[in-house]
Amino acid sequence: MAYFCKKCGQPFSDLYVLTHSGSCTKGGCHEPYAGHETGPFHCKKCGQSFSDLYVLTHSGSCSKGGEHEPLD
Ligand SMILES: [Zn+2]
Ligand SMILES: [Zn+2]
């Protein structure tokens, strides 16, 4: 079982650690991703699929503007 941060895509083995580790690379605290833990992951804005949540959150340019955001 893995938990992912929906902002930076970083995986954590423990949800408590995710919510208490403090510094997300995207700013603020990590926020748990509520969706499924295995790919493909879809951007909720443009629908593009990614095999890795980390790639989704770091690929930069969404066709709808800004960065891709995972679909919960
Ligand atoms: Zn994060
Ligand atoms: Zn997108």
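# A tour from histidine 30

Select histidine 30 to begin, whose place is in the loop between α1 and β3; helices (H or I, at least four residues) and strands (E, at least two) are DSSP runs, numbered from the N terminus. The model is a predicted one, in which local features need pLDDT of at least 70, side-chain atom pairs count only at pLDDT 80 or more, and totals for chains, interfaces and linings use all residues. Residues are numbered from 1 along each chain as its sequence is written, while chains are lettered from A and ligands numbered from 1 in the order in which they are written.

**Around histidine 30**

Is histidine 30 buried or exposed? Histidine 30 counts as buried because it has 24 C-beta neighbours inside 10 Å, the rule being that a residue is buried if 20 or more other C-beta atoms lie within 10 Å of its own, exposed if 12 or fewer, and partly exposed in between, with C-beta atoms placed from the backbone. Now add its contacts to the selection, where two residues are in contact if their C-beta atoms, placed from the backbone, lie within 7 Å: leaving aside neighbours within four places in sequence, histidine 30 is in contact with Cys5, Lys7, Cys8, Gln10, Leu18, Thr19, Ser21 and Cys24. For a distance across the model, take cysteine 62, which is 32 residues from histidine 30 in sequence and 21 Å from it in space, C-alpha to C-alpha.

**On to glutamine 10 and histidine 58**

One of those contacts, glutamine 10, is the next stop, and it lies in the loop between β1 (3–4) and β2. Glutamine 10 counts as partly exposed because 18 C-beta neighbours fall inside 10 Å. Not counting residues up to four places away in sequence, glutamine 10 touches Phe4, Cys5, His30 and Tyr54; tyrosine 54 is 44 residues from it in sequence, yet their C-alpha atoms are 6.3 Å apart in space.

Select histidine 58 next, in helix α2 (residues 53–58). With 15 other C-beta atoms within 10 Å, histidine 58 is partly exposed, and its C-alpha atom is 8.2 Å from that of glycine 9, although the two are 49 residues apart in sequence.

**The core and leucine 53**

Which residues make up the largest nonpolar core? It has 8 residues, namely Phe4, Cys5, Leu18, Tyr33, Phe41, Cys43, Leu53 and Leu56, where a nonpolar core is a set of buried Ala, Val, Leu, Ile, Met, Phe, Trp, Tyr and Cys residues joined through C-beta atoms within 7 Å. From that set, pick leucine 53, which is in contact with Phe4, Gly9, Tyr33, Phe41 and Pro70, leaving aside its neighbours within four places in sequence.

**Proline 40 and leucine 71**

Move to proline 40, in the loop between α1 (15–20) and β3 (41–42), and display the backbone there, since a cis peptide bond joins glycine 39 and proline 40, with omega about 0°.

Leucine 71, in the segment after α2, is partly exposed, with 17 other C-beta atoms within 10 Å. Not counting residues up to four places away in sequence, leucine 71 touches Gly35, His42, Cys43 and Lys44, whereas its C-alpha atom and that of aspartate 52, 19 residues away along the chain, are separated by 13 Å.

**Zooming out**

Finally, show the whole protein, which has 2 helices and 4 strands and follows the pattern β-β-α-β-β-α along the sequence. Its radius of gyration (taken over C-alpha atoms) is 12 Å, close to the 11 Å that the globule rule (2.2 Å times the number of residues to the power 0.38) gives for 72 residues, so the protein is as compact as a globular protein of that length. Of the 72 residues, 21% count as buried. Colour by pLDDT, the predictor's confidence in each residue, from 0 to 100: the mean for the protein is 92, and 100% of its residues reach 70 or more.
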